[in-house]
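This report covers how the protein meets a DNA strand and how the two protein chains meet each other.

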Number of protein chains: 2
Amino acid sequence: MREKRSTKGRPNSLDIAHRAGVSQATVSRALRGSPLVSEATRRRVVEIARELNYKVDKSASNLRTQRSNTLALLLFEDPTADGPAINPFFLSLLASITRACAQVGQDLLISFQQLSDDWQADYESTHKADGLILLGYGDFIEYRSKLDRLNRRGAHFVRWGSAHPGQAGPVIGCDNVGGGREMTRHLVSLGRRRIAFIGTKTKQYPEFRDRYAGYFRVLRESGLDIDPEMQVDAITTEESGYAAMKSLIDKNAPFDAVFGASDLIAIGAMQALLEAGYDIPGQVAIAGFDDIPAAAYARRPLTTIQQDTRRAGAILVESLLHLINDEPVKGRTIPGKLVVRDSCGAR
Amino acid sequence: MREKRSTKGRPNSLDIAHRAGVSQATVSRALRGSPLVSEATRRRVVEIARELNYKVDKSASNLRTQRSNTLALLLFEDPTADGPAINPFFLSLLASITRACAQVGQDLLISFQQLSDDWQADYESTHKADGLILLGYGDFIEYRSKLDRLNRRGAHFVRWGSAHPGQAGPVIGCDNVGGGREMTRHLVSLGRRRIAFIGTKTKQYPEFRDRYAGYFRVLRESGLDIDPEMQVDAITTEESGYAAMKSLIDKNAPFDAVFGASDLIAIGAMQALLEAGYDIPGQVAIAGFDDIPAAAYARRPLTTIQQDTRRAGAILVESLLHLINDEPVKGRTIPGKLVVRDSCGAR
DNA sequence: CTGAAAGCGCTTACAG
DNA sequence: CTGAAAGCGCTTACAG
């Protein structure tokens, strides 16, 4: 019997076995908590492992079990976003995903993919990860073909977004239509009649589209005018919200409220309004969506729809694990919550 | 010769070898770009691998090479921080570290450790990662013994923080003393004479301590009074800054400027000042440190010291890789940059 | 330039 | 409850 005991570096399971006077197999069993090992043996092995500071080698274990117990989080940034700025909302989500992973004993790899990257650089086929969590707004059209390809390859993945029929893989997302409705109803209830919507409403941005849909429906239900001039495109950055607001101001069409499709948009728009001398909320009410940390500390504390990122992260991780275990998973929609602050004049 | 060709699932290197009519060893060499392989062979192998969508199995490769090409980012949250809130500054750093890792072909594992966790749950001894990046403010005293232990174990790690003599492992950090000086000089140059400092200055918070040291020195150099009442403890949250500011206001001691040890503190303090009816910057100038994204969109756009997170991330990753390759690494200090906005009344 | 062989450190079916 | 053995899929010294 030729045995490979490690001499220099880290101890291996054989070293533990020798010290404990058992076989290497027993060490492995003991450390994994197998019921096949007697309590006395288990204790001895665990104790010696602790003494020698032995830790099971993950590469070896992964190779043998064909499982990595690792999830990969791919964050897709909007291609127009440059520099280190990332939507704070996704960072909240990232934080809660990290915690959720820790709780279920999964490791988490993260990567900020550009939308243009080739996802072939697969995490799963290299066995780096057992599944993927996809995060990001971004151009849904381009996105879609890649999702389909992932699906064909049998990849395990969940996605944060807006659920729509016929999509590849389960989608977990906020109830964007409902949130859009609730916020618009709130503004209407405060007596606002000319409510602008700032955010791109094409299907490239399904979240925004849904929020717009909620807004649209409430306007209609309330018998208010739907003026196409009252919608201005913007992606989710302060800069874009700022520019969109300026262009709306330049139109010289009257408005008494602004609903930003995201908090970043709303915060940028707020800046433009204040610079132009508008009184917020006296003259113009403003509202956002997401409840990012900065919302409460904006120049006027921002009324917004709070997304439950903590729950979202937990559900994303839980769903992905189900998928990895070949259990059925369906998409979930998480309700948002209206958070009233100063910016809309409700108080 | 018994050969293990994969039947069902993913192809392995032997499958590629068969198709290409070469040995499995040659496939491995070709895919790693070994110069020992002829160009023609290499091309054939690469082409077939692409066709079959073959990817080298990372667990196997890691096990064989005893390297994971993975770094682990441990983010230590302040124990008092609850909920999903994480200092946005660290999130910026996280983002830039992610990018830096991608650029050098390293994977990145992340984990939000609590300060009280046992770091024994080692990333390195399990071969999950080749080294650690440590991020976080937090109680330095408790921290220190753990750092020393990491060091004794021969772990590879770099740390973001304030460099001080005799520390375990290389520290990369902002020039906190210099930043503190620069900001204080700026406030003095604007005619402010009673400048409060909000932030804990004990050695548990070395960054804050250094910023305070810069502040203190400039006050002294400028011949200004140093009134102990003008320093109030706070950790780096808006809540803490808010509470500290309130307590300062309650002291009824006059002040004409507030230097928050971090942007979060300054933003919280700003809130307290505005609620108490102070005019910012007319009556009280306010400044922060970090230049987090929210700083520009605070109720008064905040003058602050910008930290170069992009460069910081790159240096952290680069330093850690040197360490892993047993090359000498020394700590680095990155200068901050004064960013003047409305909150200090300079314009 | 290429191949055959060993071995990285585990986990687990098999046999007792 | 325990051990001996096979094997996960690679990489690389060795030999040619």
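## Surface near DNA strand C

In this predicted model, 30 residues lie around DNA strand C, and those that come nearest are A:Gln24, A:Ser28, A:Arg29, A:Arg64 and B:Arg29. By class, this surface has eleven nonpolar, eleven polar and eight charged residues. On the DNA side, sugar or phosphate accounts for 62% of the strand C atoms within 4 Å of the protein, and bases supply the rest.

## Polar contacts to the DNA

Both bases and backbone are reached by side chains. A:Arg29 places a polar side-chain atom 2.6 Å from a base nitrogen of DNA strand C. For A:Tyr54, the partner of the polar side-chain atom is a phosphate oxygen of the strand, 2.6 Å away. From chain B, an N or O atom in the side chain of B:Arg64 is 3.5 Å from a base nitrogen. Helix H2 (24-32) and helix H4 (58-65), in chain A and in chain B, are the elements that give two or more residues to the surface near strand C.

## Interface of chains A and B

Contact between the chains involves 48 residues of chain A and 49 residues of chain B. About 4,400 Å² is buried between them, with carbon and sulfur atoms giving 55% of that area.

Two salt bridges are found across the interface. B:Asp107 forms a salt bridge with A:Lys128, with 3.1 Å between the closest N and O atoms. Nine residue pairs are in polar contact across the interface.

On the side of chain A that touches chain B, H4, strand S1 (70-77), helix H5 (88-103), strand S2 (107-114), helix H9 (238-250) and helix H10 (263-275) each supply at least two residues. The largest share, six residues, comes from S2(A). The residues of this side divide into 20 nonpolar, 13 polar and 15 charged.

Terms used
Residues numbered from 1 in each chain as written. Chains lettered and ligands numbered in written order. Predicted model: local features only at pLDDT ≥ 70, side-chain atom pairs only at ≥ 80, totals over all residues. Heavy atoms only, no water. Near = heavy atom within 4 Å. Polar contact = N/O pair within 3.5 Å; in protein donor to acceptor, adjacent residues only side chain to side chain. Helix = DSSP H or I, 4+ residues; strand = E, 2+ residues; numbered from the N terminus. Nonpolar A, V, L, I, M, F, W, Y, C, P; charged D, E, K, R; others polar. Contact = heavy atoms within 4.5 Å. Buried area = accessible area lost by both parts, 1.4 Å probe. Salt bridge = Lys/Arg side-chain N within 4 Å of Asp/Glu carboxyl O.
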